[in-house]
Amino acid sequence: MTSLSRDDVAHVARLARLALSDEELERYTDQLRAVLDHARDLEAFDLEATPPTAHPFAADPYLRDDVIVNGLDRDEVLAQAPAVEDERFCVPQIIGDAP
Amino acid sequence: MTSAIELAAAVRRGDTTATSLAEGALAAIAAGDGAINAFLHVDAEGALAAARRVDAAVANGEDPGPLAGVPVALKDNLCTRGVPTTAASRILEGWRPPYTATVVDRLVGAGAIPVGKTNLDEFAMGSSTENSAYGPTRNPRNHARVPGGSSGGSAAAVAAGMVAIGLGSDTGGSIRQPAALCGVVGFKPTYGMVSRYGLIAFASSLDQIGPLARTVADAAVCLEVIAGHDPRDSTSLREPAPSLLDALHDGVKGKTIGLVRELVDGSAPDVEAAVAASAVTLRDAGATVIEMSIPEMRLGLSAYYLIAPAEASSNLARYDGVRYGLRVDADDLTTMNVATRTKGFGDEVKRRIMLGTYALSAGYYDAYYGRAQRVRTLLSRAFAVAYGRADLLLGATAPTTAFELGAKTTDPMAMYLSDVFTIPSNLSGDPAMTVPFGSGADGLPVGVQLLGPARSERLVVAAAQVLEDAAPS
């Protein structure tokens, strides 16, 4: 494991759709590095032969009975949206030049 | 203070009414919550309407259920249709969910009266309830101290006597640690025993809902009500709720209980003394107490702080300003997403999203997330070996009694260490319960923790009852 850099944090912030000030970038880099340094205790083990666990109990997938049930109420859902147009969620322009 | 079971019995007998209990809870909140800030939203109208339905049922000769008229508090990451649900985040300020969590439906179906939504660390990320966007909750036993977290609001509401039962969620100790710090019982059931439908997701392979209560019996009756298969949660165990009340007085005679060194080492001397005293109590009650070491538990914290943020970074991608919650307007979609998330999320949530994004990112996945998942396997195997020798395990719930507000807010790693004893059961998916057992040098409560293998809730409550019966005041 290599040490976390400011550039790494700036990169993950972009991936995670978060904007950071210079001060935040500095602070988060130090704090995240401390957590990752602590995690170095995991390196002491030979884990090649150990399979990963993603979930506590590997339950067999199953399907519910094919019974018709109501979904959420459309008007109630749309009433919670920041912007709605013609019974759809409305977002700023995605394709082409922004207005 | 009267227990939930006694309150429900009085309502079912007609000795009191659900309406008077609801009014009492609302009055207690109005009188006491200004100093504590346990509640983010009090639903007086909804509570009184639910109480009237229970009273009408009693008047008609119907049985409203085992929690008839019992005032309960809901952690504000549990969705309640039409009632504000924020997860203590600005990004969900004002949101009114279009559906209700299964656990809430089941509580109401058993006659309980939800009186309000309780404070938490934002999205349940924290150990002190100081990460709330709506101000910290204070420990009712000492207002200069934290109540623990992340279910600090529910723990404080129960400890202050405002409600008999609170629901919390436990991803790395978020039910048990605040219960211990506030001097109440907290129960994290086996993963999958309680439906997560309607619980705002933090780390889906770890999250589990459970009760906080003043007695082991109250926690048991609440779990009986909320447990059991739910087709709306694909991780829900396909089995009925366990029967717990009839196991409460089974005792521990003939059981072997492992006192785990790694669940005590590093705790304060007064906490260590309480755990030792609880071991003596269990031995006096007929159990064989053996000392054990499970070295893999020391890796739990590191594994958890990679796995939980990784899952969180994925779960919290949904807060994008499109379908619900906050939107900060901008001319294009990506700028809108960034502005919304930057304004809507608090510091700790951003930290964990970035940590998780990093642990999952190209080039680092195997070194961090992959390695943590393999350690999770190691830990589960170590638990299995331990349960070959012992029926239950015993240790501390938290390393110290309640700490002062502000003591750990600038040092995330110090805050994370508050969860060192509770995290292993989340990684393994096994049940664990904290029971108040005496006080520390500062006079504040100490909790001891009982851990059991998957589906051992009956054993856990029986041992917890032995401790409760003998607990020093």
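**View 1. Strands β5 and β6 of chain B, centred on B:Gly186****.** In this predicted model, B:Gly186 faces B:Leu212 of β6(B). Strand β5 (residues 185–188) of chain B runs antiparallel to β6(B). Two bridges join these strands.

**View 2. The covered strand β6 of chain B****.** Strand β6 spans residues 209–213 of chain B. Five of its five residues are buried, and the strand is mostly covered.

**View 3. B:Ile165 and its partners in β2(B) and β6(B)****.** B:Ile165 has B:Ala213 as its bridge partner in β6(B). B:Ile165 of β4(B) is also the bridge partner of B:Val72. The two pairings run in distinct senses: β4(B) and β6(B) pair antiparallel over five bridges, whereas β2 (residues 71–75) and β4 (residues 165–169) of chain B pair parallel over three bridges. Strands of a sheet pair through backbone hydrogen bonds, in either the parallel or the antiparallel sense.

**View 4. The open sheet of chain B****.** The sheet holds 11 strands with mixed pairing. Their order is β1-β3-β2-β4-β6-β5-β10-β11-β9-β7-β8. Strands β1 (39–42) and β8 (288–292) of chain B form the edges, each pairing on one side only. From one strand to the next, the twist averages 25 degrees.

**View 5. Helix α15 of chain B across three strands****.** Helix α15 (residues 457–470) of chain B lies across β9 (392–396), β10 (432–439) and β11 (445–451) of chain B. The helix runs at about 5 degrees to β10(B). In the sheet order, these strands appear as β10-β11-β9.

How values were computed:
Residues are numbered from 1 along each chain as its sequence is written. Chains are lettered from A and ligands numbered from 1 in the order in which they are written. This is a predicted model: local features need pLDDT of at least 70, side-chain atom pairs count only at pLDDT 80 or more; totals for chains, interfaces and linings use all residues. Two strands pair if DSSP finds at least two bridges between them. Helices (H or I, at least four residues) and strands (E, at least two) are DSSP runs, numbered from the N terminus. Axes are lines fitted to C-alpha atoms, for helices over the stretch in contact, and angles run from 0 to 180 degrees between N-to-C directions. Two residues are in contact if their C-beta atoms, placed from the backbone, lie within 7 Å. A residue is buried if 20 or more other C-beta atoms lie within 10 Å of its own, exposed if 12 or fewer, and partly exposed in between; C-beta atoms are placed from the backbone.
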